Amino acid sequence: MSKPGMLPYETTILVRDSCLCLHVQRAARALARRFDDALRPLGLTNGQFSLLMSLNRPHPPAIGQVAEVLAMDRTTLTAALKSLERRGLVTIECNPADKRSRLLHLTNDGRALLARAFPVWKQHHAEIDAALQDADRLRGDLNQVLALRPVPV
């Protein structure tokens with residue numbers, strides 16, 4: 001018999017085995033480690049690669065646009081940009097059309113590094129896709145999760 005206010009261990013096992021959030025977090029950490037290891041020789045993390053790739057556009061995006069693509073809040077994105085800016089891979093400039101907004105530019109050095117990193121990403125990504133039964137379905141299901149509305153507070 002369990003004490004009042006205490007959950008039985010069986011509940012812990014149930015959550016461990018069925019919680020989608022836990023399973024996605026664990027898989028995300030494993031994928032992040034794999035890509036971090038692969039991109040480390042280039043001096044990049046998987047998050048930095050994704051951020052640089054999100055800036056690879058015909059026209060410099062605003063911070064809000066990139067935050068939306070990466071599902072990050074602006075404060076976290078701004079912090080992540082600082083190290084890339086210090087390395088000369090990204091510049092942050094005032095938007096001439098709206099002085100309150102900032103535009104993010106991928107520098108020539110940033111483009112060159114991204115071009116070197118892409119084949120590494122592509123190889124590891126292909127290996128992961130091949131190991132999954134239905135990678136396209138997984139991507140679709142994860143996109144459906146993104147479309148869910150947050151729980152009201």
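Asn95 is buried, with a relative accessible area of 14%, where buried means under 20%, exposed means over 50% and partly exposed lies in between (1.4 Å probe, protein chains only). The model is predicted: local features need pLDDT of at least 70, side-chain atom pairs count only at pLDDT 80 or more, and totals for chains, interfaces and linings use all residues. Residues are numbered from 1 along each chain as its sequence is written, and side-chain values use heavy atoms, with hydrogens and water left out.

**The hairpin**

Asn95 lies in strand E1. Helices (H or I, at least four residues) and strands (E, at least two) are DSSP runs, numbered from the N terminus. E1 spans residues 90-95 and pairs with strand E2, residues 98-106, in the antiparallel sense over 6 bridges; two strands count as paired if DSSP finds at least two bridges between them. A hairpin with 2 residues connects E1 to E2. Asn95 has Asp98 of E2 as its bridge partner. Setting aside residues up to four places away in sequence, Asn95 touches Ser101, Arg102 and Leu103, with contact meaning heavy atoms within 4.5 Å.

His105 belongs to strand E2 and is partly exposed, at a relative accessible area of 22%. Beyond its neighbours within four places in sequence, His105 is in contact with Pro60, Leu89, Val90, Thr91 and Glu93. The C-alpha atoms of His105 and Arg57 are separated by 9.1 Å, although the two residues are 48 residues apart along the chain. As background, side chains in a regular strand alternate between the two faces of the sheet.

**Helix H3 and its partners**

In H3, the buried residues are Gln48, Phe49, Leu51, Leu52, Ser54 and Leu55. They pack against helix H2 (20-39), helix H4 (63-70), helix H5 (74-86), E1, E2 and H6. An α-helix has 3.6 residues a turn, so residues three or four places apart point the same way.

H3 (residues 46-55) packs with H6 (residues 108-131) at an angle of about 120 degrees, the axes being 11 Å apart. Axes are lines fitted to C-alpha atoms, for helices over the stretch in contact, and angles run from 0 to 180 degrees between N-to-C directions. H3 is therefore oblique to H6, since angles under 35 degrees count as roughly parallel, over 145 as roughly antiparallel, 65 to 115 as roughly perpendicular and the rest as oblique. The crossing of H3 and H6 is left-handed, a term for a near helix turned anticlockwise from the far one by less than a right angle; a clockwise turn is right-handed. On the H3 side, Phe49, Leu52 and Met53 meet Leu114, Ala117, Phe118 and Trp121 of H6. By class, this contact has 7 nonpolar, no polar and no charged residues. Ala, Val, Leu, Ile, Met, Phe, Trp, Tyr, Cys and Pro count as nonpolar, Asp, Glu, Lys and Arg as charged, and the others, Gly among them, as polar.

H3 and H5 pack at an angle of about 95 degrees, with their axes 11 Å apart. That angle makes H3 roughly perpendicular to H5. Gln48, Leu51 and Leu52 of H3 make the contact with Leu77, Ala80, Leu81, Ser83 and Leu84 of H5. By class, the contact of H3 with H5 has 6 nonpolar, 2 polar and no charged residues.

**Residues with higher accessibility values**The table lists three residues by place and relative accessible area.

| Residue | Place | Relative accessible area | Class |
|---|---|---|---|
| Ala71 | loop between H4 and H5 | 61% | exposed |
| Pro58 | loop between H3 and H4 | 78% | exposed |
| Gln25 | helix H2 | 36% | partly exposed |

Ala71 has a phi near 55 degrees, a positive value in a residue other than glycine. In general, most residues other than glycine have a negative phi, and most peptide bonds are trans. From C-alpha to C-alpha, Gln25 and Ala71 are 15 Å apart in space and 46 residues apart in sequence. Pro58 and Leu148 are 30 Å apart, C-alpha to C-alpha, with a separation of 90 residues in sequence.
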